Amino acid sequence: MVQTDEERKANQKKNRDKPESKENRLKVLQYYSKNLSHSDVPCCNCCGLNSHIEFLTIDHIAGRQEMDSEHNLKKLKYTPKLSGTALVIWITKNNFPKGFQILCHNCNQTKGYYGKCPLENKQH
Ligand SMILES: [Zn+2]
Ligand SMILES: [Zn+2]
């Protein structure tokens, strides 16, 4: 079945608005920030921002040093096309595989653009 752009957008919105997808997203955020936050409050793995989960994104660490986890992720049929709700569902289904971290949009954007956040390991 061929979906039009409109249909695809409507579907994405439907998925995003489901209460369980919000809950799943929170679980994923909590899981990957636990060793930094030491609590149930998800935070950015780089600057520690934790005021709003809306500012946080799931970052795919690999590409730098995590070659092993990359291999593992491929075995689990990870594809870079997974994002947003689809990624949350995939992570939950695959039992929170290694290779992801939680970043805020700022740190994630700079990492994507420059390879790393200019304030990595420093006070933001
Ligand atoms: Zn940050
Ligand atoms: Zn940062």
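**Figure 1. Six rings, one aromatic cluster.** Tyr 31, Tyr 32, Tyr 78, Trp 90, Phe 96 and Phe 100 come together as one aromatic cluster. As with the other views here, this is a predicted model. Searching the whole structure turns up eight aromatic pairs. Take Tyr 31 and Tyr 32: their ring centres sit 5.0 Å apart with the planes at 85 degrees, so this pair is edge-to-face. The two tyrosines differ in burial, though: Tyr 31 is partly exposed, at 44% relative accessible area, while Tyr 32 is buried, at 9%.

**Figure 2. Tyr 78 and Trp 90, an edge-to-face pair.** Here the ring centres of Tyr 78 and Trp 90 are 5.3 Å apart and the planes make an angle of 65 degrees; anything over 60 counts as edge-to-face, so this pair gets that label. Tyr 78 belongs to the loop between α3 (67-75) and α4 (84-93), whereas Trp 90 is in helix α4, so the pair ties together parts 12 residues apart in sequence. Both Tyr 78 and Trp 90 are buried.

**Figure 3. The buried face of helix α4.** Which residues of α4 are buried? They are Leu 87, Val 88, Trp 90 and Ile 91. Looking down the axis of α4, these buried residues fall within an arc of 165 degrees, so they line one face of the helix. The general background is that an α-helix has 3.6 residues a turn, so residues three or four places apart point the same way. Just past the end of α4 comes Asn 95, with a positive phi of about 65 degrees.

**Figure 4. Ser 21 and its neighbours.** Ser 21 is part of helix α2 (residues 19-37). With a relative accessibility of 11%, Ser 21 counts as buried. Leaving aside residues up to four places away in sequence, Ser 21 touches Asn 15, Arg 16, Thr 85 and Val 88. Val 88 also turns up among the buried residues of α4.

**Figure 5. The site of the zinc ion (ligand 1).** Four cysteine sulfurs do the coordinating: Cys 44 (SG), Cys 47 (SG), Cys 104 (SG) and Cys 107 (SG), at 2.3 to 2.4 Å. What geometry does the site have? It is tetrahedral, with angles of 102 to 115 degrees among the four donor atoms. Along the sequence, the donor residues are spaced C-x2-C-x56-C-x2-C. Cys 44 comes from the loop between α2 and β1 (56-60) and Cys 107 from helix α5 (residues 105-114), so the pair ties together parts 63 residues apart in sequence. Cys 44 and Cys 107 are both buried.

**Figure 6. The site of the zinc ion (ligand 2).** This zinc ion is coordinated by Cys 46 (SG), Cys 107 (SG), Cys 117 (SG) and His 124 (NE2), at 2.1 to 2.3 Å. The site is tetrahedral, with angles of 103 to 121 degrees among its four donor atoms. Its donors follow the spacing C-x60-C-x9-C-x6-H along the chain. Buried or partly exposed: where does each of the last two donors fall? Cys 117 counts as buried, at 6% relative accessibility, and His 124 as partly exposed, at 40%.

**Figure 7. Cys 107 between two zinc ions.** Cys 107 bridges the zinc ion (ligand 1) and the zinc ion (ligand 2). The two ions are 4.3 Å apart.

Conventions: Residues are numbered from 1 along each chain as its sequence is written. Chains are lettered from A and ligands numbered from 1 in the order in which they are written. This is a predicted model: local features need pLDDT of at least 70, side-chain atom pairs count only at pLDDT 80 or more; totals for chains, interfaces and linings use all residues. Side-chain values use heavy atoms; hydrogens and water are left out. Rings of Phe, Tyr and Trp (its six-membered ring) pair if their centres lie within 6.5 Å; planes under 30 degrees apart count as stacked, over 60 as edge-to-face and the rest as tilted. Buried means under 20% relative accessible area, exposed over 50%, partly exposed in between (1.4 Å probe, protein chains only). Helices (H or I, at least four residues) and strands (E, at least two) are DSSP runs, numbered from the N terminus. Contact means heavy atoms within 4.5 Å. Donors are N, O and S atoms within 2.8 Å of the metal (3.2 Å for Na, K and Ca); water is not among the atoms, so sites may look incomplete. Four donors count as tetrahedral if all angles lie between 85 and 135 degrees; four count as square planar and six as octahedral if opposite donors are over 155 degrees apart and all others between 65 and 115; anything else is irregular. The arc is that of the directions from the helix axis to the C-beta atoms.
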